[in-house]
Amino acid sequence: QVQLVESGGGLAQAGDSLRVSCTASGLTFSNYAMGWFRQAPGKEREVVAGISRSGRAQYYGDSVRGRFAISRDNAKNTVYLQMNRLKPEDTAVYYCAADATVYDFTLYTTPAEYDDWGQGTQVSVSS
């Protein structure tokens, strides 16, 4: 079955950079759109970024656009989220998500559209 494992979270200071990774197994990775979401205590889960099967289509949430970058390495079954110029409001558990798609340019932007989720990795940003 599909398994997603996030890594790379940790404690950072405002302005720092972190890269979190999500490695997938139990799937043909290149057939899946991938996404990153985050959830802070008391807040709803929100989209951070999404990427299509091929990587040619990407989406970013308004709060991270221009600071974060999603990428994928299909040979390594891994999707990355490069987080730059971190802010305290970026503090959250970051989740990796996957969903099978048919077309290269399909991507999903809401949690409900994803079937498979990782356990999450904590990112904490202090000021």
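**Aromatic rings in a predicted model**

Colleague: How does tryptophan 117 count by its relative accessible area?

Modeller: This model is predicted. Tryptophan 117 has a relative accessible area of 24%. Buried needs under 20%, and exposed needs over 50%. The value falls in between, so tryptophan 117 is partly exposed.

Colleague: How many aromatic pairs does a search of the whole structure find?

Modeller: The search covers the whole structure. Its count of aromatic pairs is 5.

Colleague: Tyrosine 95 and tryptophan 117 form one aromatic pair; which kind is it?

Modeller: The ring centres lie 6.5 Å apart, and the planes meet at 80°. Planes over 60 degrees apart count as edge-to-face. The angle passes that cut-off, so the pair is edge-to-face.

Colleague: How many residues apart are the partners in that pair?

Modeller: Tyrosine 95 sits in strand S9, residues 92-100. Tryptophan 117 sits in strand S10, residues 116-117. The pair links distant parts of the chain, and the separation in residues is 22.

Colleague: Is tyrosine 95 buried or exposed?

Modeller: Its relative accessible area is 15%. The cut-off for buried is under 20%. Tyrosine 95 is therefore buried.

Colleague: Which residue forms an edge-to-face pair with tyrosine 108?

Modeller: The centres are 5.6 Å apart, with 80° between the planes. Tyrosine 108 counts as buried at 17% relative accessibility. Its partner also counts as buried, at 4%. That partner is tyrosine 114.

Colleague: Which residue has its charged end over the ring of tryptophan 117?

Modeller: Tryptophan 117 belongs to one aromatic cluster with Phe37, Tyr95, Tyr108 and Tyr114. The charged end lies 4.8 Å from the ring centre of tryptophan 117. It belongs to arginine 45.

Technical notes: Residues are numbered from 1 along each chain as its sequence is written. This is a predicted model: local features need pLDDT of at least 70, side-chain atom pairs count only at pLDDT 80 or more; totals for chains, interfaces and linings use all residues. Side-chain values use heavy atoms; hydrogens and water are left out. Rings of Phe, Tyr and Trp (its six-membered ring) pair if their centres lie within 6.5 Å; planes under 30 degrees apart count as stacked, over 60 as edge-to-face and the rest as tilted. Helices (H or I, at least four residues) and strands (E, at least two) are DSSP runs, numbered from the N terminus. Buried means under 20% relative accessible area, exposed over 50%, partly exposed in between (1.4 Å probe, protein chains only). A charge sits over a ring if NZ of Lys or CZ of Arg is within 6 Å of the ring centre and within 35 degrees of the ring normal.
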